[in-house]
Amino acid sequence: MTRRLTMFMAVAILAAPMAAAQISGEGGPIRVNADTSEVMERQRQVVLIDNVDIMQGTARLRADRVTLNYGPGQGEQSTGMGGFGDIQSMVAEGEVFYVTPDLKATGDVGTYDAEADTITLTGDVVLVRGEDVATGRRLVMRLEEGRTTLDGGDGQVQFNITPRENTAAATAETAPAAEEATSEEETEASN
């Protein structure tokens with residue numbers, strides 16, 4: 001029964017018209033997986049529990065529990081019954097991971113606000129971009145603007161930045177050794 005409900009949720013969410021963003025600045029269909037889901041149509045709410053994995057475009061959100069609040073679907077009356085409309089807000093709790101090709105962010109609680117087009121992570125926040133790592137208490141990502149703000153809360157934001165020239169120099173130093181090892185392996189293989 002749980003698997004059927006989860007499959008129903010995924011199909012229903014994919015079939016619904018979506019707003020431009022949701023969890024990804026690029027928009028598009030949303031795929032949802034969870035161990036358990038509960039739909040409360042009158043409250044316009046879906047609760048996803050355990051192993052929640054939400055994907056849209058190249059963005060992915062994972063958490064222990066996610067609550068989706070949605071608006072009315074196209075032509076829907078105010079009864080709350082019918083299909084899923086656009087997601088208006090989302091709250092993710094428990095080991096929240098948000099990943100895009102540009103960044104990886106973790107926190108204790110994550111929220112999505114459609115009106116503001118923002119994703120906010122709070123708690124023990126870690127933000128990783130390439131080899132750079134930043135920590136703080138509150139991360140706000142403005143999706144359409146491509147703007148990210150990290151706040152230290154009562155403390156300071158901390159960064160560990162790896163300059164590109166150090167990365168390029170390290171790569172250049174290891175490249176000849178790797179080429180040399182490959183040449184030796186090729187020589188041994190031909191013998």
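Trainee: How do the residues lining the largest cavity divide into nonpolar, polar and charged?
Mentor: Keep in mind that we're looking at a predicted model. No charged residue turns up in that lining, and the polar ones come to 2. What's left is the nonpolar group, so tyrosine goes there too, by the classes used here. The split for the largest cavity is 10 nonpolar, 2 polar and no charged.

Trainee: How many cavities of 30 Å³ or more does a search of the whole structure find?
Mentor: The search covers the whole structure, with 30 Å³ as the lower limit on volume. The largest cavity comes to about 70 Å³. The number found is 2.

Trainee: What is the volume of the largest cavity, and which residues are the closest to its centre?
Mentor: The volume is about 70 Å³. Its lining has 12 residues. The closest to the centre are Leu61, Gly110, Thr111, Tyr112 and Ile119.

Trainee: Which strand gives the most to the lining of the largest cavity?
Mentor: Start from the volume again, about 70 Å³. The elements that give two or more residues to its lining are strand 5 (87-99), strand 6 (104-113) and strand 7 (118-129). One of them gives 5 residues, the most of any, and that is strand 5.

Trainee: Is Leu127 buried or exposed?
Mentor: Leu127 has its place in strand 7. Its relative accessibility is 8%. The cut-off for buried is under 20%, so Leu127 counts as buried.

Trainee: Which residues does Leu127 touch, not counting those up to four places away in sequence?
Mentor: Phe159 makes a handy reference point: it is 32 residues from Leu127 in sequence, with 9.3 Å between the two C-alpha atoms. For touching, heavy atoms have to be within 4.5 Å. The residues that Leu127 touches are Leu103, Lys104, Ala105, Asp132, Val133, Ala134, Leu139 and Thr148.

Trainee: Which residue lies over the face of Phe97?
Mentor: The structure holds 0 aromatic pairs, so a partner ring within the 6.5 Å cut-off is ruled out. There is a charge over the Phe97 ring, though, at 4.8 Å from the ring centre. That residue is Arg62.

Trainee: What pattern does the protein chain follow along the sequence?
Mentor: The chain has 2 helices and 10 strands. A helix stands at each end of the pattern, with the strands in between. Written out, that gives α-β-β-β-β-β-β-β-β-β-β-α.

Conventions
Residues numbered from 1 in each chain as written. Predicted model: local features only at pLDDT ≥ 70, side-chain atom pairs only at ≥ 80, totals over all residues. Heavy atoms only, no water. 1 Å grid on protein atoms, 1.4 Å probe; cavity = no way out; pocket = protein on both sides within 12 Å on 5 of 7 lines; lining within 4 Å. Points joined across faces, edges and corners; volume = space filled by probe spheres on them. Helix = DSSP H or I, 4+ residues; strand = E, 2+ residues; numbered from the N terminus. Phe/Tyr/Trp six-rings, centres within 6.5 Å; stacked < 30°, edge-to-face > 60°. Lys NZ or Arg CZ within 6 Å of the ring centre and 35° of its normal. Buried < 20%, exposed > 50% of the residue type's maximum accessible area, 1.4 Å probe, protein only.
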